[in-house]
Amino acid sequence: MYMYFREGKSQREISRILGINRKTVGKYVKEYEEAFEEYKNQDGINEEIIEKIAGKPKYDTSNRKPRKVTEELMLRIQELVEANETKRKKGLRKQIMPVSQMYEIIRNEGYEISSGTIYNLVRKISSKKSKEAYIKQRYIPGDIVEFDWGEIKLEINGVMKNIQAAVFTFAYSNYRYAYLYQKQNMESFIDSHVKFFDHIGGVNKIIVYDNMKVAIKKFVGRNKREITDDLMKLSTYYNFDIRFCNVRKPNEKGHVEKSVNVIKQRVFSIKYEFDTLEKANEFLELRLRYINENMKNPNTPAEEFKKEKEYLFKKPPKYEYSIIKEVYVDKYSTITVNNCRYSVPVEYTDKWLKVKLYPEKIVIYDEKPIAIHKRIYGINKWSINIEHYINTLKRKPGALHNSLAMHQAPQEIKDIYNRYFITNPRDFIMLLEYMHKNKIDLNEIKSGLPPGYWRINKENSFFHTNNKIIKFNRFNFV
């Protein structure tokens with residue numbers, strides 16, 4: 001407009017200088033003149049008219065259609081997008097066709113179109129939902145805790161494993177607690193809650209979950225859920241309410257979602273190799289204490305949690321939970337639990353026993369406990385206590401050397417056997433029997449006495465503990 005009204009150039013000249021069509025120049029000149037005329041007839045200031053006069057020309061592209069995007073092409077892209085949606089419903093998320101592959105197919109079918117246009121069209125067709133507005137929340141101290149599982153890759157005793165972290169986060173203070181487990185099973189789920197309530201020294205009002213199997217038995221209709229019996233018993237005992245997120249709405253428990261990432265990035269990015277899972281849990285506890293005491297927004301979670309503690313319900317005595325199963329003792333004097341075998345004394349072979357399953361141990365019963373094992377996970381793994389096989393080994397001493405029982409025996413036991421009894425397994429079995437009957441624990445001896453105090457003399461075959469010397473021969477102990 002400056003060139004036309006101030007410099008007096010013609011529309012044709014302006015068209016040539018700017019490189020635009022003369023009719024377009026005429027259109028803008030006409031719009032300007034009409035707006036200016038309207039402005040002169042106004043009594044007051046009209047910002048819309050001023051914008052028309054002083055503002056840049058506006059292009060109306062609302063009805064403009066891509067010249068190469070035909071209805072036939074749109075239908076073809078729609079087919080490809082719907083095929084991806086069908087795959088999602090069938091659980092084939094890893095086989096969804098990327099947009100780059102769609103572009104290749106469409107080009108091979110003869111459509112002359114750019115990849116950018118394809119991306120825009122796919123995005124337009126796929127965005128069926130309108131943009132969602134979020135509502136700022138205000139939380140009450142001691143009210144809401146969010147729970148979630150998080151999978152973390154850790155190297156335990158030289159083996160890379162997918163470890164499950166049970167994570168709790170207070171919505172008000174953002175105070176975090178977590179504990180590591182081998183599996184996302186019911187035993188671990190309940191145990192994590194018991195440990196959490198012990199840790200905070202009370203019980204909050206509500207715990208929020210997503211739609212996890214350990215919490216929901218089944219859906220009733222579209223929105224109602226039937227809670228698992230174990231979670232119902234736990235909530236009744238501790239007197240907390242249960243709330244679930246809507247399906248595919250992880251933002252409804254955004255505090256704990258962020259906490260899972262914090263654990264991955266601020267805890268196990270520092271260290272991921274541990275001798276045992278217990279060591280990993282110790283490291284997690286140490287780092288979470290640091291995070292709770294140092295991350296400020298504006299106060300630290302630990303400072304804000306002090307306010308929450310005043311509103312917590314009183315915690316009842318510790319909740320005892322285990323899964324009880326009946327198990328059969330096979331010919332190897334072992335029971336099978338979740339594809340893993342655990343030994344029992346040989347006198348229970350071919351009998352039915354009961355077992356209590358905990359996340360970290362199993363206890364085998366015949367009216368009273370007869371064996372306790374550390375819980376193992378995997379397929380066809382064995383946990384063997386050599387003391388369970390003493391009676392059988394007394395009759396078959398030659399089976400000792402290559403037995404799985406010897407292979408899994410404590411290293412101190414194997415060292416004694418290899419140094420003093422490798423040619424005389426019968427005496428070694430007698431030694432094991434004596435230790436078992438008199439409850440002599442090698443670990444206690446090793447940790448409680450000075451180095452070298454525990455020893456076996458090869459010449460006259462004796463060992464001593466404390467100030468007592470015990471001699472033995474092939475037939476009896478003295």
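**A tour of helices H5 and H12**

Start by selecting helix H5, residues 71-89, in this predicted model. At 1.5 Å a residue, its 19 residues should span 27 Å, and the end C-alpha atoms are indeed 27 Å apart, so expectation and model agree.

Next, colour the buried residues of H5: Leu73, Arg76, Ile77, Leu80, Val81 and Asn84. Look down the axis and you will find them within an arc of only 130°, which puts them on the same side of H5. Why does such a pattern arise? An α-helix has 3.6 residues a turn, so residues three or four places apart point the same way.

Now turn to the face of H5 directed away from that buried side, where the exposed residues Glu71, Glu72, Leu75 and Lys89 sit.

What covers the buried residues of H5? Bring up helix H6 (99-108) and helix H7 (115-126), which are among the elements that do so.

Stay with H7 for a moment. The axes of H5 and H7 come within 10 Å and cross at roughly 65°, and the crossing is right-handed. To see the contact, show Met74, Ile77, Gln78 and Val81 of H5 together with Ile118, Leu121, Val122, Ile125 and Ser126 of H7. Seven of these contact residues are nonpolar, two are polar and none is charged.

For the last stop, select helix H12, residues 301-309, where Pro301, Ala302, Glu304, Phe305 and Glu308 are buried. Viewed down the axis of H12, they fall within an arc of 155°, so they line one face of the helix. Add strand S2 (159-170), helix H8 (186-200) and helix H11 (277-294) to your view to see what these buried residues pack against.

Terms used. Residues numbered from 1 in each chain as written. Predicted model: local features only at pLDDT ≥ 70, side-chain atom pairs only at ≥ 80, totals over all residues. Heavy atoms only, no water. Buried < 20%, exposed > 50% of the residue type's maximum accessible area, 1.4 Å probe, protein only. Helix = DSSP H or I, 4+ residues; strand = E, 2+ residues; numbered from the N terminus. Arc of directions from axis to C-beta. Contact = heavy atoms within 4.5 Å. Expected span 1.5 Å × (residues − 1). Axes fitted to C-alpha atoms, helices over the stretch in contact; angles between N-to-C directions. Left-handed = near helix turned anticlockwise from the far one by under 90°. Nonpolar A, V, L, I, M, F, W, Y, C, P; charged D, E, K, R; others polar.
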